[in-house]
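Could you open the structure in your viewer and get your selection tool ready? We will go from stop to stop, with something to select at each one.

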Amino acid sequence: MKRTLLAWLLVIATFNKLFAQGNNDTWTIKANTIDPFNYYGETVANGMVGIVSSPDPFKVKDVVLNGAFDLYGRGRVSNILKTFNFVNMYLEVDGARIENFKQVQNMQQVLDMRHANLTTTFDYNDKLSVSYAYYSLRHLPYTALVDVTITAKKDVDITAASVMEAPDMLKDVQNYYNEIDRPHVRISLLTSSAKSPTGKLLMAASNSFLFDEPHGSEPSVIHEMWDNNMHLTKFKKHLKAGEKYHYAVVGSAITSAHDDDPLNEAERLTIFATLEGRNRLVQFHNNAWDSLWKSDIIIDGDDETQREVRSMLYHLYSFVRPGTAYSLSPMGLSGLGYNGHMFWDAELWMYPAMLVLHPDIAKSMLEYRVQRLEVAKHNAFSHGYKGAMFPWESAASGNEETPVWALSGPFEHHITADVAIAAWNYYCVTQDKAWLREKGWPLLKETADFWASRVERTAPGHYDIKNVVAADEWAENIDNNAFTNAAAKANLQYATKAANILGITPDADWMNVANNIPILKMDDGVTREHAQYNGEKIKQADVNLLAYPLHEITDPAAIKKDLDYYEPRVGEGPAMTHAIFAILHVRLGEPDKAYKSFKEGYTPNMRPPFGVIAETATGNNPYFSTGAGGMLQGMLNGFGGLEITPAGITQLKVKLPANWKSLTITGVGAERKTFVVK
C-alpha cells in the first residue's frame, strides 16, 4: 500500500531526531538518545560470531554463532543457535552495582563501521566515566573482545566482573574455571559447555581478562558460581580521582559443528587471543576491515545516503566471510529471525553485491550450495523429478527446513534456478574455468535436468510449469509464474553455455525446453505474473525481475510498460522490491525517479537508535540483510551501471540523481577495478 503523507512526515521527523549526525562523518552511526523501550540493537559480527547490542550497560542482547543449528522453537524445524553469552559484564562502584540504563547518565552508543566496533559511553553519578567497545574479531572467526576504560572522577572502589551465561535452550551445562600461571603471564579461564536442545551438538565458550599491569601486579581474579547456567570471574581495584584504568575481556565460542573437540578448542583459542594481547588483536582486526573496505561505494554530494549505504555494506560484510562455506540468512547474524535459514534471499538478493565487491566471499556463499548438491538430488527424487531440487529453506543439512504450514516449502521451486544463476554469474565475474568444471558444472547440469523433468509438455511449443508459489509469495499454487518460468529458462541456457565452454556436449533437450517455456502476456502487452493473475495487489517484485537481473525482457518500451503496471500494485512487501524499481528507472534514463524508489525501499524501514533496517515499513524484525542486499544492487547495478556479462563486469551509461556529484565504486571483481559515474 502507498504510505500516507502523515506517515512520511512522522518518519522524516523521527529520523531527523534520532539519526542526525551533526557532521559529515559517514563512517559512524551515533545513538545519542537511548530509549530502551524503542531500541533495536546493532550487531557487531565477523561472519561467525554475531553480538547484538543492548541498552543496558555492560550487557548484550544475544550472541549468535553461525553454522550451528538444532531442532527447537518455531515450526518443528532446526533453528540457528544462540551460544553462551560470553561478553556480558557488570560493574560495582563503592559496593553498588550498575544494573540498568536508569542508573547512568549521558549514555551514548557509537557504531564505527570502518573498523566494526560498537562503543558505549556513560557517566555514573559524580564518581566515574565509562567507555567500553565490542569487537567480533575479523581475523579470528570464533573470538570476540570487550575493551573497557574507566576514568575515576573521585576516589572509588570498583569490582569488575565477566559473566558467562547459558541461553535457556541449552541443556546439561557444565562450568569450569582454571588458572594457567606462568612466569610471564597468568590466564584466568572462565569456561562453560552444554549440549544443544536435542543433544546433537556440544557447545563451548571460554573467556579471560586482559590486564595492562605486568605479571605479578595485575589484580587477583576471583571465580564465583551462581547457578548451573551462570558463573563469573571478577576483580577489585581502588582508583584515585583522575585515574584512568583499562582492562579487557577476550573470549571464544565454538561447537562440534565446527570442531571435533569444542571444549578444549574454546580454551585454546582464548589462550591464543590472550597471549596476543589487546593491541595486536585490535590491530589485526582493523587491518582485516581495512582490506574489506578496499571495496566501497562512495557518493559525493549526499552524506546521509552515503552513511546509509555504508551501513548496508557494513552489515553484509559482517554477516559472512570467505572460507566458511556458510551462506547468508535474511537476518544475517543479528538474531534468530527466519530460524537463520537460507532462502533465495542469499542467491538473488545478497550474493550479487558480494560477487561484485568480494568474489571470495561470494565463492564461500556458493560453496554452501555445492556441498549440499547430493541432498538436493535426493529432494528432487522424493518429489518425482530428476536432477537436483534445492529446498526453499535450508540450514545445516541441506534438507527442506520450511515449516509444514508454509506452502513455499514444497512449491517455491524458483530457488533451484536462483542457485544455478548464482553459479553461472560467479564464472562470468571470475572466468575461473577450473572452478566451473569442478563445482559449477555439476550444479548447473543437475539443476537443468530438474527443469527438463519439471515442465509439463502439454502441447507442441508449450511446456508449462504448473502448481508453484511465485516469487510474489501471495500467489500460491498457480501456473506459469513469470519469474519462475524465466529463471528456469535462464538455468537451462546457462547450463548449455557452461557445457560448451568446457567442451562437453550439452543435453539438447535443455534448449528445447527453454525455448518452449511460456512467458505470458496480457492483451495490452503487459507481462502477466501468472496464468491466474487478474490485476490484484502483489507482495513483491516478480515480473519486473525479468528485466533485471534475468534480462528475459530487454526492450525498453516493454520494461517501462511492466514497470508502470506493477510498481503501483506492490503492497507493503519486503524492502528489496523498491531496489529493482530503482535499477529499472536508472536504466530507463530516470535517475530522480530511481532515487525516490531507492530511498522509499528502506527509509521507512529504519529503526532507532541506529537505523537498522526491518523487513517492512511496519515490521520490527531487524536487521533485514536481504533488503540491504537489494539496495546495494540498486547502487551497483543501478546508479553504478555495473553489468555482469559472460565476458566479465562491464558498465552501462547511466545518469545520477540531481543531488549527487559523482559515484565511485572501488575494488570491483577479481581485478579490483574502480568504476566512476559523474
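The largest cavity, our starting point in this predicted model, holds about 60 Å³ of space. To see what surrounds the largest cavity, select N66, F69, I80, F319, S327, L328, S329, G332, L333, G340 and M342, which line it. Try colouring that lining by residue type: 6 of its residues are nonpolar, 5 are polar and none is charged. How many cavities of 30 Å³ or more are there? The count comes to 2, so let us visit the other one.

**The second cavity**

Clear your selection and pick E42, T43, V44, I51, V52, S53, L118 and Y134, the residues lining the second largest cavity. Two elements give two or more residues each to this lining: strand 2 (43-45) and strand 3 (49-53). Which of the elements supplies the largest share of the lining? That is strand 3, with 3 residues. The volume of the second largest cavity is about 30 Å³, and its lining residues divide into 5 nonpolar, 2 polar and 1 charged.

**Strand 3 and its partners**

Stay with strand 3 and select it whole. Is strand 3 enclosed or open to the outside? All 5 of its 5 residues are buried, so strand 3 is largely enclosed by the rest of the structure. Show the side chains now: V49, I51 and S53 point one way from the strand, while G50 and V52 point the other way, and every one of them is buried.

Next, add strand 2 to the view. Strand 2 pairs with strand 3 in the antiparallel sense, over 3 bridges. One bridge to look for joins V44 to I51 in strand 3. The two strands form a hairpin with 3 residues between them, and if you click on G47 in the turn you will find a positive phi of about 90 degrees.

Now bring in strand 4 (residues 60-71), which runs antiparallel to strand 3 and is joined to it by 5 bridges. Select S53 and then V60, its bridge partner in strand 4. Strand 3 and strand 4 make a hairpin too, with 6 residues between the strands. Within this hairpin, F58 takes a positive phi near 65 degrees.

**A five-stranded sheet**

Our next stop is an open sheet of 5 strands, whose order is 7-6-12-17-16 with antiparallel pairing. Which strands sit at the edges? They are strand 7 (96-97) and strand 16 (222-227), each of which pairs on one side only. Then select strand 12 (residues 156-165) together with strand 17 (residues 230-239): these run antiparallel and are joined by 10 bridges. For one pair to zoom in on, choose D157 and its bridge partner in strand 17, H238.

**Helix 3**

For the last stop, select helix 3 (residues 278-292). This helix has 15 residues and reaches 21 Å from its first C-alpha to its last, close to the 21 Å expected at 1.5 Å a residue. Highlight L281, V282, H285, N286, A288, W289 and L292, the buried residues of helix 3. Turn the view until you look down the axis of helix 3: its buried residues fall within an arc of 160 degrees, so they line one face of the helix. An α-helix has 3.6 residues a turn, so residues three or four places apart point the same way.

Technical notes: Residues numbered from 1 in each chain as written. Predicted model: local features only at pLDDT ≥ 70, side-chain atom pairs only at ≥ 80, totals over all residues. Heavy atoms only, no water. 1 Å grid on protein atoms, 1.4 Å probe; cavity = no way out; pocket = protein on both sides within 12 Å on 5 of 7 lines; lining within 4 Å. Points joined across faces, edges and corners; volume = space filled by probe spheres on them. Nonpolar A, V, L, I, M, F, W, Y, C, P; charged D, E, K, R; others polar. Helix = DSSP H or I, 4+ residues; strand = E, 2+ residues; numbered from the N terminus. Pairing = 2+ DSSP bridges. Expected span 1.5 Å × (residues − 1). Buried < 20%, exposed > 50% of the residue type's maximum accessible area, 1.4 Å probe, protein only. Arc of directions from axis to C-beta.
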